[in-house]
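Got your viewer open and your mouse ready? Load the model below, and let's walk through it one selection at a time.

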Amino acid sequence: MTKLIKKYSHAWVLLYCLIYMPWFMWLERTVTTDFSVVHLSLDDKIPFMEIFVIPYFLWFAYIFVTVAYFFFKDRGEFYRCSAYLFIGMTICLLIYTIWPNGHDLRPNIAALGRDNVFTRIVAWLYGTDTCTNVCPSIHAFNSIGACIAVYRSRHLKEKRLIRAGALVLTILICLSTVFLKQHSCFDVICAGLLALVMYFAVYVPDYTRLRARHRARAAARARLRQDRTA
């Protein structure tokens with residue numbers, strides 16, 4: 001049991017959900033009518049297509065499998081993936097808190113003139129998920145983050161099918177947010193910009209080398225102090 005705890009001690013990172021979920025649910029309850037409407041003219045040209053509910057809900061499995069893979073496969077890559085996702089999600093929540101936002105893009109499902117399993121799922125989605133707290137889109141941001149984690153993984157460099165699948169799924173998920181009228185195109189654009197910033201913050205610096213340098217300098221300073229007191 002002790003070995004198991006030590007092996008998976010990095011699970012403490014997942015406690016972030018205890019911060020994220022209450023904060024997000026609080027925003028969902030409080031940001032209901034008084035918010036800035038996010039809208040681009042491009043949104044009006046994009047048709048509602050309920051078939052995109054498939055990749056939209058695949059997002060949940062996509063993020064879970066990606067995080068779980070790195071959790072069990074590589075602690076270092078898990079930390080980077082988690083830092084990317086969780087810091088970015090926190091930034092999104094801060095934006096929602098400081099700048100309450102939402103949209104008015106959702107169509108009347110009952111007036112579409114068609115009824116199928118996908119429209120019913122979308123109707124259920126609309127009933128359980130508000131149209132507020134949307135910019136930047138966490139759905140799009142996390143999808144891009146998962147894709148970056150897959151492409152930057154040293155374990156998946158030769159896994160072309162997995163890498164291609166991650167890219168296609170990421171694109172489909174981002175498209176699903178606008179074709180289901182869950183997000184404005186502006187939400188996705190902002191998610192992309194945030195993803196770019198987080199990439200340069202998390203994946204570009206060589207933190208392993210920086211930590212090694214810091215430890216070496218600390219050790220050198222410690223030796224210097226010992227020499228002076230000797």
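Start by selecting residues 160–179, which form helix H8, and then add helix H7 (138–152). These two helices pack against each other at an angle of about 170 degrees, and their axes sit 9 Å apart. Angles over 145 degrees count as roughly antiparallel, so H7 is roughly antiparallel to H8. Keep in mind as you look around that this is a predicted model.

Now show the side chains where the two helices touch. On the H7 side, pick His 139, Ala 140, Ser 143, Ile 144, Cys 147, Val 150 and Tyr 151. On the H8 side, the partners include Ile 162, Leu 167, Thr 170, Ile 173 and Thr 177. Try colouring this contact by residue class: you'll get 11 nonpolar, 4 polar and 1 charged.

Stay with one of those residues for a moment. Click on Ser 143, in helix H7. Is Ser 143 buried or exposed? Its relative accessible area is 0%, and buried means under 20%, so Ser 143 counts as buried. What does Ser 143 touch, leaving out residues up to four places away in sequence? Select Trp 59, Tyr 62, Ile 63, Thr 170 and Ile 173 to see its neighbours. Thr 170 and Ile 173 are familiar from the H8 side of the contact you just coloured.

Next stop: helix H4 (53–73) and helix H6 (117–128). Here the angle is about 50 degrees, with the axes 10 Å apart, which makes H4 oblique to H6. Highlight Val 53, Ile 54, Tyr 56 and Phe 57 in H4, then Phe 118, Ile 121, Val 122, Trp 124 and Leu 125 in H6, and you have the residues that meet. Colour them by class again: this time you'll find 9 nonpolar, no polar and no charged.

Last, switch on a pocket display if your viewer has one. How much space lies in the largest pocket? About 1,000 Å³. To find its middle, select Tyr 20, Met 21, Trp 59, Phe 60 and Met 89, which lie nearest the centre among the 36 lining residues. Helices H2 (17–30), H4, H5 (75–98), H6 and H7 each give two or more residues to the lining. Which helix gives the largest share? That's H4, with 10 residues. One more round of colouring by class shows 25 nonpolar, 8 polar and 3 charged residues around the pocket.

Key
Residues numbered from 1 in each chain as written. Predicted model: local features only at pLDDT ≥ 70, side-chain atom pairs only at ≥ 80, totals over all residues. Heavy atoms only, no water. 1 Å grid on protein atoms, 1.4 Å probe; cavity = no way out; pocket = protein on both sides within 12 Å on 5 of 7 lines; lining within 4 Å. Points joined across faces, edges and corners; volume = space filled by probe spheres on them. Helix = DSSP H or I, 4+ residues; strand = E, 2+ residues; numbered from the N terminus. Nonpolar A, V, L, I, M, F, W, Y, C, P; charged D, E, K, R; others polar. Axes fitted to C-alpha atoms, helices over the stretch in contact; angles between N-to-C directions. Parallel < 35°, antiparallel > 145°, perpendicular 65-115°, else oblique. Contact = heavy atoms within 4.5 Å. Buried < 20%, exposed > 50% of the residue type's maximum accessible area, 1.4 Å probe, protein only.
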